[in-house]
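I opened this notebook to record what I looked up in the model, entry by entry. The pairing of strands comes first, and the packing and the cores follow.

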Amino acid sequence: MSADHDNGFEMPALLLGTYTPKIDDKGRMALPAKLRSQFGDGLVMARGQERCVYLLPQSEFRRVAIQIQRTSMGNKAARDYLRVFLSGAVDEVPDRQGRVLVPQMLRSYAHLNTEVVVIGVGTRAELWDSASWQSYLESKEQGYSDIADDVLPEVDF
């Protein structure tokens with residue numbers, strides 16, 4: 001996994017781009033070639049928001065799980081989130097062709113069939129049903145420019 005250095009801290013490589021692999025009849029999907037090396041020897045799949053599946057490098061999954069666990073004991077919402085997040089998480093190791101099995105539970109959760117989209121979202125990737133992603137993207141594009149000032153107040157493009 002390549003890394004950048006920022007103020008002496010090692011930063012994980014960013015997962016970027018949009019890819020359109022297919023899920024075969026056995027539930028397997030080839031990880032996009034440009035993302036494979038960033039997942040190392042394996043990844044964790046978990047329920048994401050908006051009915052997608054998160055694809056996380058194992059180190060990022062551990063970081064997120066630990067962060068949630070630190071707040072979960074006294075925070076009911078965090079405990080609820082942790083239960084749903086961890087109960088739907090699975091470790092996957094790509095086969096020699098770079099394919100991973102997308103478990104039926106996660107395919108059902110995200111309404112995944114054959115046509116899917118994998119998008120890079122920085123420290124994770126997301127797996128979406130193709131039609132759901134298109135609908136989501138269309139619904140957000142209109143406000144994309146409008147929210148930039150609120151979300152990115154300190155970043156100049």
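Entry 1, the sheet. I began with strand E9 (residues 116–120) and strand E10 (residues 125–129), which pair in the antiparallel sense over 5 bridges; strands here are DSSP runs of E with at least two residues, helices are runs of H or I with at least four, and both are numbered from the N terminus, while two strands count as paired if DSSP finds at least two bridges between them. Within this pair, I found that isoleucine 119 has glutamate 126 of E10 as its bridge partner. I then noted that helix H3 (residues 76–87) packs on the sheet, where it touches strand E5 (43–47) and strand E6 (53–57), a contact being heavy atoms within 4.5 Å. The direction of H3 makes about 125° with that of E5; axes are lines fitted to C-alpha atoms, for helices over the stretch in contact, and angles run from 0 to 180 degrees between N-to-C directions.

Following the whole sheet, I read 6 strands in the order E3-E9-E10-E6-E5-E7, open and antiparallel in pairing. Its edges are strand E3 (18–19) and strand E7 (90–92), each of which pairs on one side only.

Entry 2, source and numbering. The model is predicted, so local features need pLDDT of at least 70 and side-chain atom pairs count only at pLDDT 80 or more, whereas totals for chains, interfaces and linings use all residues. Residues are numbered from 1 along each chain as its sequence is written, and side-chain values use heavy atoms, with hydrogens and water left out.

Entry 3, the cores. The largest nonpolar core has 21 residues, and of these Met29, Leu55 and Leu127 touch the most other members; such a core is a set of buried Ala, Val, Leu, Ile, Met, Phe, Trp, Tyr and Cys residues joined through side-chain atoms within 4.5 Å, with buried meaning under 20% relative accessible area, exposed over 50%, and partly exposed in between (1.4 Å probe, protein chains only). I saw that E5, E6, helix H4 (104–109), E9 and E10 each supply at least two residues of this core. Another core, of 15 residues, lies apart from it and includes Ala65, Leu82, Ile119 and Trp133.

Entry 4, serine 37. I located serine 37 in the loop between helix H1 (33–36) and E5, and it counts as exposed because its relative accessibility is 53%.

Entry 5, the whole protein. I listed 5 helices and 10 strands, and buried residues make up 36% of the 157 residues.
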